[in-house]
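I set out to go through this structure by looking up charged residues, the nonpolar cores and strand pairing, and to note down what I found in each place.

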Amino acid sequence: MITPSPHGRSRIAALAVALAAASALTLTACDDDSGGSSTSSATPTAPDTASFSGNAASALASAKASVRAEASKRAASASAAASSFEASVSAEVERANNAARTELAKVDGQGNAMSDVTMTGKPRSETGGLLAVVVTITNKTDKTASYAAQVDFLDSSGKVVETRYVGAEDLEPGQKAQPVAVSRKPAEPVLTPKLAKAQRY
């Protein structure tokens, strides 16, 4: 067996160190090129906004506009329905209501016909959202008579915030009339209708 000289051993050791360093550089280069498990941190880059179409934002804006338009349409429709309902009621009973108001101005107390008058709430779905009550007047006498009724609308504290008048003229004995008292106040706060006066004349 040949034993290398000290000078030869130094050259072999230097060559081994050089080979190890070269191998390390090669492995690092391979990791970087292949996208493997390099421990170096990559710097993030901003997305290319030129490739964005913006369609999602446009669709969202369109949907919002559609919802607003539909809500506005429904509100306008409800308002029109309320106006139409009130107009139809007023056209039918305006003269009788004016007569009732005039007659009740002469009455002290509740009047002489409270037992001849009852009230029933009307569904808001039928009145365009307005608070309305059907005032049923029955002539319980044996003679033809006219009637006047006063409906007060009260808030939660019992305060009168609105008054409406309805009437029925020339009812035959046993005949009924059903005028409608309609509040023009907003739906909130909720009001309670109360029969305040009823007069037969």
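The entries below follow the order in which I looked things up.

**Entry 1: the model**

I kept in mind throughout that this is a predicted model.

**Entry 2: salt bridges**

I began with the ion pairs and found that the count comes to 4 salt bridges. One of them joins Asp-116 and Arg-200, whose closest N and O atoms are 2.7 Å apart. I then checked where the two partners sit: Asp-116 is in the loop between helix H2 (55-104) and strand E1 (117-122), while Arg-200 belongs to strand E7 (residues 192-200), so this pair ties together parts that are 84 residues apart in sequence. Asp-116 counts as buried at 6% relative accessibility, whereas Arg-200, at 25%, counts as partly exposed.

I next looked at Glu-103 and Lys-106, which form a salt bridge with closest N and O atoms 3.5 Å apart. Here, too, the partners differ in accessibility, since Glu-103 is buried with a relative accessible area of 16% and Lys-106 is exposed at 60%. Lys-106 lies in the loop between H2 and E1, and I noted that its C-alpha atom is 9.9 Å from that of Gln-199, although the two residues are 93 apart along the chain.

A further salt bridge links Lys-122 to Glu-126, again with 3.5 Å between the closest N and O atoms. Lys-122 is partly exposed, with a relative accessible area of 26%, and Glu-126 also counts as partly exposed, at 48%.

**Entry 3: a buried charge**

What is the distance from Asp-152 to the nearest side chain of opposite charge? I found that this side chain is Lys-194, 6.5 Å away, and that Asp-152 is buried yet has no salt bridge. The cut-off for a salt bridge is 4 Å between a side-chain nitrogen and a carboxyl oxygen, so the distance of 6.5 Å to Lys-194 does not qualify.

Asp-152 is found in strand E3 (residues 145-154), and I looked for what its side chain does have as a polar partner: a polar contact of 2.8 Å joins it to the side chain of Thr-163. Leaving out residues up to four places away in sequence, Asp-152 touches Val-160, Glu-162, Thr-163, Thr-192, Pro-193, Lys-194 and Ala-196.

**Entry 4: the nonpolar cores**

I turned to the largest nonpolar core, which has 19 residues, and wrote down those with the most contacts inside it: Val-117, Val-135, Ile-137, Tyr-147, Val-151, Leu-171 and Ala-181. Two or more residues of this core come from each of strand E2 (132-138), E3, strand E4 (160-171) and E7. Which element gives the most to this core? I found that E3 does, with 5 residues.

I then followed Val-151 outward and, setting aside neighbours within four places in sequence, found contacts with Met-119, Val-133, Val-135, Glu-162, Thr-163, Arg-164, Ala-181, Pro-193 and Lys-194. Apart from this core lies another, of 5 residues, which include Leu-130, Ala-132, Val-134 and Val-182.

**Entry 5: strand E2**

Is E2 enclosed or open? I found that 7 of the 7 residues of E2 are buried, so the strand is largely enclosed by the rest of the structure. Ala-132, Val-134, Thr-136 and Thr-138 point one way from E2, Val-133, Val-135 and Ile-137 point the other way, and all are buried.

I went on to the pairing partners of E2. E1 and E2 pair in the antiparallel sense over 6 bridges, and I noted Thr-118 standing opposite Thr-136. E2 is also joined to strand E6 (residues 180-182) by 3 bridges, the two running antiparallel, with Val-134 opposite Val-180. With strand E5 (residues 176-177), E2 pairs in the antiparallel sense over 2 bridges, and there Thr-138 stands opposite Lys-176.

**Entry 6: a residue of helix H2**

I closed with Arg-101, which lies in helix H2 and is exposed, with a relative accessible area of 52%. Its C-alpha atom is separated by 8.4 Å from that of Gly-167, and the two residues are 66 apart along the chain.

Technical notes
Residues are numbered from 1 along each chain as its sequence is written. This is a predicted model: local features need pLDDT of at least 70, side-chain atom pairs count only at pLDDT 80 or more; totals for chains, interfaces and linings use all residues. Side-chain values use heavy atoms; hydrogens and water are left out. Helices (H or I, at least four residues) and strands (E, at least two) are DSSP runs, numbered from the N terminus. Buried means under 20% relative accessible area, exposed over 50%, partly exposed in between (1.4 Å probe, protein chains only). Lys and Arg count as positive and Asp and Glu as negative; His and the chain ends are not counted. A polar contact is a pair of N or O atoms within 3.5 Å; within protein, one must be able to donate a hydrogen and the other to accept it, and residues adjacent in sequence count only if both atoms are side-chain atoms. Contact means heavy atoms within 4.5 Å. A nonpolar core is a set of buried Ala, Val, Leu, Ile, Met, Phe, Trp, Tyr and Cys residues joined through side-chain atoms within 4.5 Å. Two strands pair if DSSP finds at least two bridges between them.
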